[in-house]
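Trainee: I would like to go through the labels on this model one by one. Please set each against its cut-off.

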Amino acid sequence: MKYQAAGVGESSASDCASLDGEDPLALYRERFFLPSGLKYCDGMSLGALPKEVPRSISKVIEQEWGEGLIRSWNSAGWIDAPRRLGGKLAPLLGADADEVVVADSTSVNLFKLLVAAIRLRPERHVIVVESSNFPTDIYVAEGVAELHPRMELRLVEEGELGAALDDDVAVALLTHVDYKTAKMHDLSSVTREVHRCGALVVWDLSHSTGAVPIDLHAADADMAAGCGYKYLNGGPGAPAFMFVAREHLLRAEQPITAWIGHDQPFEFSTEYVPARSVNRLLSGTPPIVSMAALEAALDLWRDVDLETVRAKSIGLSQLFLQVVESRLGDAAPRLLSPRDPNERGSHLAFGHPNGYEIVQALIDRGMIGDFREPEVMRFGFAPLYMRFTDVLQAAEMLVDVVASRAWDQPKYRERSTVT
Ligand SMILES: *Cc1c(COP(=O)(O)O)cnc(C)c1O
């Protein structure tokens, strides 16, 4: 495997340049707009802009909307977009094309899937969620529980999933790669563990899709959802995706029954009959302009080998970690991510009491990471467009800001709405 040298021994600019020179993914960087000089380590929150996206969006707007008008629902394939994009995503998920659709947001999709899962286990009355999960997942599960009179939410701490699983559990909502620490579950063994108690599992793949190889079939996963705007680069608020395994698909009844999920939407019948396909997960009219952005971004992945992506992701994160820890020594921020790269996704989390200020000072210098309460700094490594050289320089900037205490200024303490 390529990239092996990364993160081992001394990491010099010339080592990084030669890694970049041999990088089989190097050409993908050319296909993104990246502001010159910026070290962008936040692809796990908002992926960079693929160059094809503006062209694709203007075609949709000027030709398909402007000229084609309503005819484009048929002639430009608008109506098929949720399935077509699902089909393009399926290989990244280890799913079949007819088990995946693109629609709505991750939050809404989790709501739909959780209700569908509960309805497949009507005799059970517990939803299991990890307390470390992304808050929206917990809030959605709460909302679902409130709609069902006997439903109970069981929040589990890390490492306590096994103890929380019993034959009252209908569904476990779990996140494959933790949004804060990047700690990664083993998809197969955890799914097996949930299945042993007879429950279903809904996987949130927001921080893993496009960053780590996923095989939903091999894991025997029941359902999954995830974001289009993180490592998939679909743009701010891009539509999200849903997966339902074939064995459940035609029994899966999601609660937002609306006309696009109907078996025959253009019969305008007064009776709801869910589509006899993954279309039953859909609700209303797809947002075509946003879909066009995501589709152009998904097309980038057509020939990408995910094992290569993974190897590069590990190489990049190991390099960053090694530079930060070796140069700062005892002053290094505390690693909150698993030290073993095989146990984490594609970002690193560090704890520091002045994490917020450090991240602001870095942004000021052209290195973008992000901050999560209470003291977590996150730096992500998107293998399609990041170079070893960039990661080395980004790590050096963090080293410098921490070592020089450049963060210790009143202007870096001011909080914006989005962190
Ligand atoms: C990013 C993320 C979301 C985002 O949900 P939206 O509905 O797109 O706001 C949800 N869950 C997890 C685990 C995430 O990482």
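Mentor: Start with exposure: buried means under 20% relative accessible area, exposed over 50%, and partly exposed in between, with a 1.4 Å probe and protein chains only. This is a predicted model, where local features need pLDDT of at least 70, side-chain atom pairs count only at pLDDT 80 or more, and totals for chains, interfaces and linings use all residues. Residues are numbered from 1 along each chain as its sequence is written, and side-chain values use heavy atoms, with hydrogens and water left out.

Trainee: Why does I79 count as partly exposed?

Mentor: Its relative accessibility is 32%, so I79 falls between the two cut-offs. I79 sits in the loop between α4 (72-75) and α5 (81-93). Helices (H or I, at least four residues) and strands (E, at least two) are DSSP runs, numbered from the N terminus.

Trainee: What is I79 in contact with, leaving aside its neighbours within four places in sequence?

Mentor: W73 and I260. Contact means heavy atoms within 4.5 Å. The C-alpha atoms of I79 and I260 are separated by 9.2 Å, and the two residues are 181 residues apart along the chain.

Trainee: Why is R154 called buried?

Mentor: Its relative accessible area is 19%, and the limit is under 20%, so R154 is buried. R154 belongs to strand β6 (residues 152-156).

Trainee: What makes the link between R154 and D166 a polar contact?

Mentor: The side chains are joined at 3.0 Å. A polar contact is a pair of N or O atoms within 3.5 Å; within protein, one must be able to donate a hydrogen and the other to accept it, and residues adjacent in sequence count only if both atoms are side-chain atoms.

Trainee: Which residues come nearest to the ligand?

Mentor: Of the 13 residues around the ligand, S107, D137, D204, Y229 and K230 do. A residue is near a molecule if one of its heavy atoms lies within 4 Å of it.

Trainee: How do you know that D137, D204 and K230 offer polar atoms to the ligand?

Mentor: Take the distances. An N or O atom in the side chain of D137 is 2.9 Å from a ligand nitrogen. For D204, a polar side-chain atom lies 2.8 Å from a nitrogen of the ligand. For K230, the distance is 2.6 Å, to a ligand oxygen. Helices α6 (106-119) and α7 (135-147) are the elements that give two or more residues to the shell.
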